[in-house]
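Here is a set of questions and answers on how the labels for one model were reached. Each answer sets a value against its cut-off and concludes.

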Amino acid sequence: MNTAEQALRRLELTVTRRLDGLLHGAHQGLLPGAGTEAGDSRVYVPGEDDVRRMDWAVTARTTIPHVRDLVADRELETWALVDLSPSMDFGTADTDKRDLVVAAVGAIGFLSSRLGDRFGAFVIHDEYVHRMPARTGRPALYGLLHSLMDAPRGRIVDDPPDLAEGIEILSAARRRRGMRVVVSDFLDPRPDLHPDAERPWERPIRRLSARHQVLAIEIIDPRELELPDVGRVAFADPETGNVREVHLSPKVRQAYAEAAALQREGTHRALRRAGVAHLVLRTDRDWVFDVAQFILRQRRMSHLSPRRPT
C-alpha cells in the first residue's frame, strides 16, 4: 500500500471514529414540507389535500384548484469548490494548507457518503477550474481525494481564475438544491482592509446561498496572522513570484498583525452577510476537533432558533 493510500485510510478512520454520527439526520430541506423539490401539479381533492400546498399560479390559469406535490429528497448532491491556487502551497505548522484542504474535503466527503449522497468537486488549479463529477461510494471519493493529493504544486500563470469565478461556475453547474462547500483561504490579490468592504466573491456566494446550503471552510496558517521576530526576511508572493526583503521590526510586525486581523474580520463579515456557515481550520490546531465543535455549535443554534408558525 503506497503512502497516499495509507494517508487516505487514516483520514477515513479518523473521520468515522471521531465525527461519525454528528451529521446523521442532516437531510433537512431548505423548504418546509415533505421535500425540497417541487413536483407536478394536480387537481385539488377536497378533504384529502392540504390547502397550504395550493398551486395558485396553475389555479389562476385554469380556474380549477390545483395543488403541487413535493418530492422528498432521498439523495442529495454535495459539491465542493476546492482552492488549490499557489497560496495554498504554504505551511509553517503541523501541516501544509493544501494537506488541510484535502482533510477538510475528505471529512465532508466521507460523512456525505455514509448518508448515501453523491459528492463532486470543482478545483481551482493553475489557469483552469477542473470538474470532477459527482458520484456515490467510497471508491469514487478515494479517486477524487487521490486527484487532489497528486495535483502538482500551483504555478504562476498570467490570468488565473479567482475565487469569484470558481463560485460562479459552481453555481451555474448544478441547479438542483443541495449542499455546497467552498474550501479556500479567501485571500484576495489586492485586499480592501476595511472590514465592511464588499469582497469580490461576496455577491457570487450570496447568490449561491440563496438556493443551496453553503459551508465556507477558511484555511489559515499562523504565519498569515503574525510574523516572527527573526530580523530580515525575503518574502516571495506565491501568486506572482515577486520577492521583497523586509526587516521585521516590532513596528512592521504590529502593522502586519493589524492588517491580517482586519482582513480576516472582513472575510467573516462578508460570509455572515451572505448567510453562509463559516468554519475556520488552522494548520496548528486539531482540525477534527474544530470540525466537531462547529457541527455541534450549528446544531445548538438550529435548535435555539425560533420556529416559524405553520
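Q: How many helices and strands does the secondary structure of the protein chain come to?
A: The model is a predicted one. Its protein chain has 8 helices and 10 strands.

Q: What share of the 310 residues in the protein chain is buried?
A: The buried share is 41%. To be counted here, a residue must have under 20% relative accessible area.

Q: What is the accessible surface of the protein chain, and how much of it belongs to carbon and sulfur atoms?
A: The surface comes to about 17,300 Å². Carbon and sulfur atoms account for 51% of that area.

Q: Among contacts between residues at least 6 apart in sequence, what percentage join residues at least 24 apart?
A: The figure is 75%.

Q: What makes a group of residues the largest nonpolar core, and which have the most contacts inside it?
A: A nonpolar core needs buried residues of the listed nonpolar types, joined through side-chain atoms within 4.5 Å. The largest such set has 40 residues. Those with the most contacts inside it are Val82, Val105, Leu145, Leu148, Ile217, Leu281 and Trp287. Helix α3, residues 97-114, gives the most to this core, with 10 residues.

Q: Which residues is Val105 in contact with, leaving aside its neighbours within four places in sequence?
A: Val105 meets Val82, Phe119, Leu144, Leu145, Leu148 and Val183.

Q: Which residues does the second, separate core include?
A: This core has 20 residues. Ala134, Leu208, Ala274 and Val276 are among them.

Q: Why is the pair Arg269 and Asp196 called a salt bridge?
A: The cut-off is 4 Å from a side-chain nitrogen of Lys or Arg to a carboxyl oxygen of Asp or Glu. The N to O distance for Arg269 and Asp196 is 2.7 Å. That is within the cut-off, so the pair qualifies. The structure holds 21 salt bridges.

Q: What does the pair of Arg269 and Asp196 tie together?
A: Arg269 lies in helix α7, residues 250-273, while Asp196 is in the loop between β6 and α6. The pair therefore ties together parts that are 73 residues apart in sequence.

Q: Why do Arg269 and Asp196 count as partly exposed?
A: Partly exposed covers the range between under 20% and over 50%. Arg269 has a relative accessible area of 24%, so it falls in that range. Asp196 is at 46%, so it does too.

Q: How do you know that Arg269 also forms a salt bridge with Glu265?
A: Their closest N and O atoms are 2.8 Å apart. The limit is 4 Å, so this pair passes. Both residues lie in helix α7, 4 residues apart, about one turn of the helix. Glu265 is partly exposed, at 29% relative accessibility.

Q: Which partner of the salt bridge between Asp290 and Arg285 is buried, and which is partly exposed?
A: Asp290 has a relative accessible area of 9%, under the 20% cut-off, so it is buried. Arg285 is at 42%, so it counts as partly exposed. Their closest N and O atoms are 2.6 Å apart.

Q: Which residues are joined into one network by salt bridges that share partners?
A: The network joins Lys97, Asp185, Glu218, Glu224 and Arg264.

Q: Why does Arg199 have no salt bridge?
A: The nearest side chain of opposite charge, Asp188, is 4.5 Å away. A salt bridge must be within 4 Å, so this pair does not count. Arg199 is nevertheless buried. It is found in the loop between β6 (179-184) and α6 (202-209). Its side chain reaches the backbone oxygen of His194 at 3.1 Å.

Q: Is Thr63 buried or exposed, and what is its phi?
A: Thr63 is at 68% relative accessibility, over the 50% cut-off, so it is exposed. Its phi is positive, about 60°, although it is not a glycine. Thr63 is in the loop between α2 (56-62) and β2 (66-71).

Q: Why is Phe186 called buried?
A: Its relative accessible area is 1%, under 20%, so the label applies. Phe186 lies in the loop between β6 and α6. It has a positive phi of about 55° although it is not a glycine.

Key. Residues numbered from 1 in each chain as written. Predicted model: local features only at pLDDT ≥ 70, side-chain atom pairs only at ≥ 80, totals over all residues. Heavy atoms only, no water. Buried < 20%, exposed > 50% of the residue type's maximum accessible area, 1.4 Å probe, protein only. Helix = DSSP H or I, 4+ residues; strand = E, 2+ residues; numbered from the N terminus. Contact = heavy atoms within 4.5 Å. Lys, Arg positive; Asp, Glu negative; His and termini not counted. Polar contact = N/O pair within 3.5 Å; in protein donor to acceptor, adjacent residues only side chain to side chain. Areas by Shrake-Rupley, 256 points an atom, 1.4 Å probe, with all protein chains shown as cover.
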